[in-house]
Amino acid sequence: MIVFLIYIAIFVASFLLVKLLVHRSTRDFTARKTVTFGDESAVRPNRVAGVVSVLTIFLLWGAFTGSKWVPGVLHAPGPFIGDATFTYTAEAEGVAPDDATVTIRVFPVGEEVTAPEVAPGEGWAKNDADTVGAWRSGLVRVDRNDDHGRDQGHRVVAVNGTPIAPGGEVMTAFGRVGMSPKGTLNFEPSKGLQMEPIWLPPPEAVLARLREIAREGYRDSTLWEHLGWSLFRVIAGFFFGALIGIPLGYAMGLSDWFRGWFDPIVEFMRPVPPLALIPLVIIWAGIGEPGKIILLFLAALWIMAIAARAGVSGVKISKVHAAYSLGASKWQIMRHVIIPNSLPDIFTGARVAMGVCWGTVVAAELVAAEKGAGMMIMVASKFQLTDIVIMGIILIGVIGFGIDILMRLAEKALVPWKGRG
Amino acid sequence: MTGLVLENLSMRFDLPNGTSVQALKDVSLDLAAGELLSVLGPSGCGKTTLLNIVAGFLAPTEGRVLLNGHAVTGPAAERGMVFQQGALFEWMDVRANVSFGPRMAGKRERDWGAHVDHLLDVVGLREFKEKAVYELSGGMQQRVALARCLANDPDVILMDEPLGALDALTREKMQSLVLKLWKETGKTIILITHSVEEALLLGERLLVMAPRPGRIHKEYRLPFADLGVGEDLRAVKKHPDFAATREEILGMIWNMEEEIMGRTEAAQ
Ligand SMILES: Nc1ncnc2c1ncn2[C@@H]1O[C@H](COP(=O)(O)OP(=O)(O)OP(=O)(O)O)[C@@H](O)[C@H]1O
Ligand SMILES: [Mg+2]
């Protein structure tokens, strides 16, 4: 909630700031347009906004995880670390109530610490000392070192002077002191607003983990093997999908019989998400490589068939007529008119198919795999290795994005006539 | 026997909803080799249908087309086509477009190279031969289409409003070019146009068609095309007969349009 409000605040503040500082930086024709609201072509991503947006995400991530990359002043309040104290008032049969102080050393989880040395103090209730990890809580058996124990009716009645009863609690400057139904105190140091590393590690921890896994590997395979296997499956599945799907789409675009035969199948399979096929593919082909490649093949097949079919139906009849009038044979029309004319559509389909395949391979590896990006984050999540999970998600996103950019570059280089017919 | 003969062509489109449209009815025509025929008529009178039948893209419901004595059954290289626009292959550069016909016929570059380069010179696109066609202006694209058709050396050239999408000035230049190419090559040409002036300037013969059903309304033999070869077309337009014929034809088409409107109104 707080994070969301801060996010909105940064969004608005940076918008106002940039508007104030940068007057009309665009100098091209669009800047001369007076109607921009509603003219989609006049809306272009603001570069400053893009940079601020990415920085904001890292800033919030760092601020709420106590990252070393974010200056300390920007950190959200962290958990309390250090020696916390509170006093309790105890009663026992036959003696007057007495006070004693509890000192609790709160330490970052993972460090070894010992309880602080304290003097026993005066009176029959003795001072106590203990340790509790940050973000954790601990029972404090204050009666154990007191002269009158439970057998003599020892009972805590107040903390820091505030009365407390079983099931109740008292908030102190260092955290919450609660009392169990049986009367035992427990101390929960204040957590602040930062996330505990096991829920969300700071960015530098993720980077460190990335370095470590890149160097040493994870689960008997190097990082490159994991990512390479995922990529290999995608490329193999896509390759076979395109190999069958494109000719199938052409056949559907060129022959009544093929169109009639495959239309119901394609139209039925198109809305079935590939993820829904995972169980069936596992039953039929197991969890090994063939199963995964079959799954990705199926994911790419329909997309490529539909793209090729659209490419054929998209050919202008005047081009085909012109080619026939120039004496071309059917085969030549296929080779010199229909195929080149359908390439832009096929590239669009290939981009979609690659995206779907990449998503599907990760999901399939989440279900079952020995190697792969999805398997890596699945196994890591079982051990609460959140840093590996986040690292995996980032890598998956980066690779998916990279694939799309490569496809776009290939499209630009190979079908420059796209959209110019 | 050389030339193009249209024998009693009729074309009826049977529509899926059970009705039918009589697009052409009993159209007959004799065109000698080397004649340039322009075809005029109100929209929907069957001009495109006629051309598609001659090209071989449509089979008429009745009648037949004979070219040099043999019947037309489908598209072939002997009958070239120039479309209004968008029929170039944008995945090929200008030269590859122009040489498409010879290449499909399996000829080698040494057989067609000189001819294609000559045609590119004639249409003024020598410097653009390596350009992508989508980088050219509309007028240049139509010149590519003309050159592509000529490079294939057809007997008959069929043009469906080839200059329809061009601006007035470009159009005038292209009209001169068509005339020049016609005289140089001696091709038989059928030219469909919406512009009465263009039909008069370019057509040796001029056919006015009437709609519903599509049929030949009137035929003219005109002197302007011969006058226009090698001359400024604007001078030809000053010929005393030119304005008179133009007015006559305009009035004719105007009346047909009126009649269609009247019929439509009456039907409502
Ligand atoms: N494929 C078709 N199916 C049904 N009717 C058609 C078809 N093609 C043409 N027609 C009809 O045939 C008639 C003649 O059409 P055509 O396209 O030949 O006219 P046109 O003279 O070329 O018109 P325009 O000058 O507008 O190009 C029209 O009434 C049209 O509706
Ligand atoms: Mg037409």
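This report covers aromatic pairs, charges over rings and the surroundings of ligand 1 in a predicted model.

Across all chains there are 10 aromatic pairs. One of them joins Trp229(A) and Phe232(A), with an edge-to-face arrangement, 5.7 Å between centres and 85° between planes. The two residues are three apart in helix α5 (residues 223–254) of chain A, which means that about one helical turn separates them. Trp229(A) is partly exposed, at 29% relative accessibility, and Phe232(A) is also classed as partly exposed, at 43%.

Residues of chains A and B meet in one aromatic cluster, made up of Trp417(A), Phe89(B), Trp91(B) and Phe100(B). Phe89(B) also lies beneath a charge: the charged end of Arg148(B) sits over its ring, 4.8 Å from the centre. In another case, the charged end of Lys183(B) sits over the ring of Trp182(B), at 4.6 Å from the ring centre.

Around ligand 1 there are 13 residues, of which Ser43(B), Gly44(B), Lys47(B), Thr48(B) and Thr49(B) come nearest. By class, this shell holds five nonpolar, six polar and two charged residues. In chain B, β2 (20–31) and α1 (47–55) each supply at least two residues of the shell; α1(B) gives the most, with three.

The table lists polar contacts to oxygen atoms of ligand 1.

| Residue | Part of residue | Distance to ligand 1 oxygen |
|---|---|---|
| Gly44(B) | backbone N or O atom | 2.9 Å |
| Cys45(B) | polar backbone atom | 3.2 Å |
| His194(B) | polar side-chain atom | 2.9 Å |

Ligand 1 taken alone exposes 630 Å², and the protein buries 62% of that area.

How values were computed. Residues are numbered from 1 along each chain as its sequence is written. Chains are lettered from A and ligands numbered from 1 in the order in which they are written. This is a predicted model: local features need pLDDT of at least 70, side-chain atom pairs count only at pLDDT 80 or more; totals for chains, interfaces and linings use all residues. Side-chain values use heavy atoms; hydrogens and water are left out. Rings of Phe, Tyr and Trp (its six-membered ring) pair if their centres lie within 6.5 Å; planes under 30 degrees apart count as stacked, over 60 as edge-to-face and the rest as tilted. Helices (H or I, at least four residues) and strands (E, at least two) are DSSP runs, numbered from the N terminus. Buried means under 20% relative accessible area, exposed over 50%, partly exposed in between (1.4 Å probe, protein chains only). A charge sits over a ring if NZ of Lys or CZ of Arg is within 6 Å of the ring centre and within 35 degrees of the ring normal. A residue is near a molecule or strand if one of its heavy atoms lies within 4 Å of it. A polar contact is a pair of N or O atoms within 3.5 Å; within protein, one must be able to donate a hydrogen and the other to accept it, and residues adjacent in sequence count only if both atoms are side-chain atoms. Accessible areas come from the Shrake-Rupley method with a 1.4 Å probe; for residues, only the protein chains shown count as cover. Ala, Val, Leu, Ile, Met, Phe, Trp, Tyr, Cys and Pro count as nonpolar, Asp, Glu, Lys and Arg as charged, and the others, Gly among them, as polar.
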